[in-house]
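User: I'm new to reading protein models and would like a close look at one small part of this one. Could you walk me through it in plain words?

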Amino acid sequence: MAEILQLRHHTRTFAAMSNNSIANLMWRYATKKFDPSRTLDKEHLNILKNAFNLTATSYGLQTIYLGIIEDKSKREKLVELAYGQRQVLDSSHLLVIAYQDKITDNDVDALFDNIHDTRETPESILAPYRKDLKIVMEKKTIEQQQEWSIRQAYIALGNLMTVCANERIDCCPMEGFVRDKFDEVLGLDKINLKSVLLLPVGYRAKDDMFADFKKVRKDLSDSIIDL
C-alpha cells in the first residue's frame, strides 16, 4: 500500500512539474521594456551561470563563453551598436554569448584532462578519443569551426531562456547588433572571442503592453508530426 501511495505521489509531482513548465513557457515573452529599477540577485545570477555551464555541447567541448555586463555606463555605449534597442541598457544585466575564433589541440587536451581528473578515467581509455577529436577539429576550416561553435551558442541560448522562464526572469533574445564593434568595446577581440547572441535579463516593466499579448503559435497538429 505504501508503494502505491508513493507512486501516486511521484505521478502527481511529475504532472505538477510538467504543468508548471508549460505555464512558465506561456508566461515568457521577448520582453520589449524592462524595469530599470529592478536587479537580479546573486542567487538568480548564479543559476544562470550554472545553467549556461551545464548546457549540452557537442563532444562536451565547450567553445562558447558567457559575458555578463551589469555596468550601465558600459552598456550605454552598446545601445547604438544594438540599433537603439533599449533592453540592452534597461535590463538588470546584459548577457553576451561568444565563441572561440579558433579551436586548437590545447582545447581538446583541456577537455580530456578534465575528464581524467573528474572521473579518474585512465589515459589508456581516453587516448584514442583524444586523438580522434583532434583529427575531427583539424579537418575543419576556421570558418567551419566557427559555424560549429555558433550552433552550440544557440543551444545555450535556448537553455538559458527556458531556465529564465522557470525562474520567472524576463529576457529578450537578440541577434541584431554590430558584432565586431561589440567585440571591440567589450575587449572580446583581445581574448580571441567573437560575440554572436545577446540576452538582456531582468524584470518586465509594468507598462510593457507586449506582456499581455496572447501567444500566437501554430496548432499542435500543424507543428507536431507523429512518425
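In which helix is the place of His-44? Please start there and then work outwards.

Analyst: Happy to! Keep in mind that this is a predicted model. His-44 has its place in helix α2, which covers residues 42-53.

Now, is His-44 buried or exposed? His-44 counts as buried because its relative accessibility is 16%, and the cut-off for buried is under 20%. Once you leave aside the neighbours within four places in sequence, His-44 is in contact with Glu-167, Ile-169 and Tyr-203. So you can click on those residues one by one and see what sits against His-44.

Let's compare that with another spot. Leu-199 belongs to strand β4, residues 193-202. Leu-199 has a relative accessible area of 1%, so it is buried too. Its contacts, again without the neighbours within four places in sequence, make a longish list to click through: His-93, Leu-94 and Leu-95, then Leu-157, Leu-160 and Met-161, and finally Cys-171, Cys-172 and Pro-173. If you want a distance to try out in your viewer, pick Leu-199 and Trp-27: they are 172 residues apart along the chain, and their C-alpha atoms are separated by 17 Å.

Now zoom out to see where these two elements fit. The chain has nine helices and four strands. Starting at the N terminus, the order is α-α-β-α-α-β-α-α-α-β-α-β-α. Of the 227 residues in the chain, 38% are buried, and both His-44 and Leu-199 are in that group. Take the contacts between residues at least 6 apart in sequence: 79% of them join residues at least 24 apart.

What about the outside? The chain exposes about 14,300 Å², with carbon and sulfur atoms supplying 54% of that area. There are 32 positive and 34 negative side chains, and the centres of the two sets lie 4 Å apart. Along the principal axes, the C-alpha atoms fill a box of roughly 65 × 55 × 40 Å.

One last stop is the largest pocket, with a volume of about 400 Å³. Its lining has 18 residues, and those nearest its centre are Gly-60, Leu-61, Gln-62, Leu-111 and Asn-114. Helix α5, residues 105-119, gives the largest share of that lining, with seven residues.

Key: Residues are numbered from 1 along each chain as its sequence is written. This is a predicted model: local features need pLDDT of at least 70, side-chain atom pairs count only at pLDDT 80 or more; totals for chains, interfaces and linings use all residues. Side-chain values use heavy atoms; hydrogens and water are left out. Helices (H or I, at least four residues) and strands (E, at least two) are DSSP runs, numbered from the N terminus. Buried means under 20% relative accessible area, exposed over 50%, partly exposed in between (1.4 Å probe, protein chains only). Contact means heavy atoms within 4.5 Å. Accessible areas come from the Shrake-Rupley method with a 1.4 Å probe; for residues, only the protein chains shown count as cover. Lys and Arg count as positive and Asp and Glu as negative; His and the chain ends are not counted. The place of a charge is taken as NZ of Lys, CZ of Arg, CG of Asp or CD of Glu. On a 1 Å grid over the protein atoms alone, a cavity is a set of points where a 1.4 Å probe fits but cannot get out, and a pocket is an open set with protein on both sides within 12 Å along at least five of seven lines; lining residues have an atom within 4 Å of a point. Grid points are joined across faces, edges and corners, and a volume is the space filled by probe spheres set on the points.
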